[in-house]
2 protein chains.
Amino acid sequence: MARPATVSPDRILSAAAAEFSTGGFDGARVDRIARRAKVNKAMLYYHFGSKQRLYRELLRRIFAQVAERLRQVGAGDAEPAAMVDQAIDVIARLAREHTYFPPIMLREIAEGGTHLDRDTLTALSSVPMAFGAIVARGVALGAFRPVHPIAAYFTMIAPLMVYLAAAPIRRELSDARLVNPAPIDVDEFIAHLQQTMRRMLAPDYRDAAARPRTRR
Amino acid sequence: MARPATVSPDRILSAAAAEFSTGGFDGARVDRIARRAKVNKAMLYYHFGSKQRLYRELLRRIFAQVAERLRQVGAGDAEPAAMVDQAIDVIARLAREHTYFPPIMLREIAEGGTHLDRDTLTALSSVPMAFGAIVARGVALGAFRPVHPIAAYFTMIAPLMVYLAAAPIRRELSDARLVNPAPIDVDEFIAHLQQTMRRMLAPDYRDAAARPRTRR
DNA sequence: GTCTATACTTCGATAGAC
DNA sequence: GTCTATCGAAGTATAGAC
């Protein structure tokens, strides 16, 4: 306890995040993870037992963190629409901070939950649950039109993950001059998404940012 | 020419689609592809040369087909908003017909374009190009507000791909009773997405389905 | 064009000393 | 807890007969 004992497990998880994000479960190499983490491969097995267990542990942590932040947003006192803005901000910030997050999430969806055990699936589902709660509350308050919370979740998370994960491809395409010279800035895209969600959730199509003046 | 000669290449591509969609490039096994296609592994190499070349060929075909259908929609004479509805329908139909399509597309985005050569990247980019053209035309006509075509593309394609690709996970979650008992139907979700896109693109927030009655 | 057998490589995992 | 050495399975690809 005196000395700041080895933090091998954390270093391994960081290295695993980087490795799994670029190649997925099957593309990841245990040797590379160990090398990146600057630990011996045997050490990795000593701590995590297997490649699969390491993978699950990593994903559980990622999803738990995202869900936790969303719950914090939901526990705040902002108005429903502002809460959704905040939720998008929070996820976007997390995703840009940990660039491994969007690719890993997308791939796990594409994978159909193979590799995952029950605990990890629970952690994964806690993300839509936390966001859905925010939407459901807005609907109950009449601030949103009656939208299915899970539909709203997909409409929000998918563009965010795909746009952020596609950054390398966009770069490649623009380098190869394969696409028009008008790229979209990340911040612009996030603002666009927030606007889109507001429009999607607005209870009355005629009601803009302005308060409804109880016309009639 | 007399007899309907072997269609090995096509059978191999079908088998490859199934195999690559579940495991990605690294998870796919050449042996399994050959077995599914009921051809010998050597035959597969005879026709395609390598696992990577087979993969690229497959992706090029998928993307080309999607882009082609989008171009057909764009060449029609529907109004811009209806065209976007049609575009969503077309992609959704293709994705449900070929269930391998959404997972493969998501994974390739997550992969950041590794495994892809220039031709395949071109084919991939032709999809956003075709959809972007529809949006750009709507903007030019004043039927849509000035939205970045690529932003619009991501807002449309991402929920569609993610929602459809997530079907296995949703099933698993509901089987395990990990999620509320109010699932969303696929058709409902597509309708939701079409509505969301209409709201996103509407030039005037006060303008509903009704014609603007030049109030003021 | 088709098939069998196999070469060659890579990778996940462990044994066993310290 | 840490490291070296290595096993054994699995996987891509090819050689060569028909």
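This passage describes how two protein chains meet two DNA strands, and how one helix of each chain packs against the other, in a predicted model.

Residues are numbered from 1 along each chain as its sequence is written, while chains are lettered from A and ligands numbered from 1 in the order in which they are written. In this predicted model local features need pLDDT of at least 70, side-chain atom pairs count only at pLDDT 80 or more, and totals for chains, interfaces and linings use all residues, with side-chain values resting on heavy atoms and leaving out hydrogens and water.

Around DNA strand D there are 14 residues, of which A:Asn40, A:Met43, B:Arg29, B:Lys41 and B:Tyr45 come nearest (a residue is near a strand if one of its heavy atoms lies within 4 Å of it). Of the atoms of DNA strand D that come within 4 Å of the protein, 67% belong to sugar and phosphate. Phosphate oxygens of this strand take part in polar contacts (pairs of N or O atoms within 3.5 Å): one lies 2.8 Å from an N or O atom in the side chain of B:Arg29, and one lies 2.8 Å from an N or O atom in the side chain of B:Tyr45. Helix 3 of chain A gives the most to the surface near DNA strand D, with 4 residues (helices are DSSP runs of H or I with at least four residues, numbered from the N terminus).

For DNA strand C, 13 residues are found around the strand, and A:Arg29, A:Lys41, A:Tyr45, B:Asn40 and B:Met43 come nearest. Sugar or phosphate accounts for 68% of the atoms of DNA strand C within 4 Å of the protein, and bases for the rest. A phosphate oxygen of DNA strand C lies 2.7 Å from an N or O atom in the side chain of A:Arg29, and a polar side-chain atom of A:Lys51 is 3.0 Å from a phosphate oxygen of the strand. Helix 3 of chain B gives the most to the surface near DNA strand C, with 3 residues.

Between the chains, helix 10 (residues 186-201) of chain A packs against helix 10 (residues 186-201) of chain B at an angle of about 110 degrees, with their axes 9 Å apart (axes are lines fitted to C-alpha atoms over the stretch in contact, and angles run from 0 to 180 degrees between N-to-C directions). The two helices are therefore roughly perpendicular, a term that covers angles of 65 to 115 degrees. The contact (heavy atoms within 4.5 Å) involves residues of both helices, including A:His192 and A:Arg199 of chain A and B:His192 and B:Leu201 of chain B.

Note on methods
Polar contact = N/O pair within 3.5 Å; in protein donor to acceptor, adjacent residues only side chain to side chain. Parallel < 35°, antiparallel > 145°, perpendicular 65-115°, else oblique.
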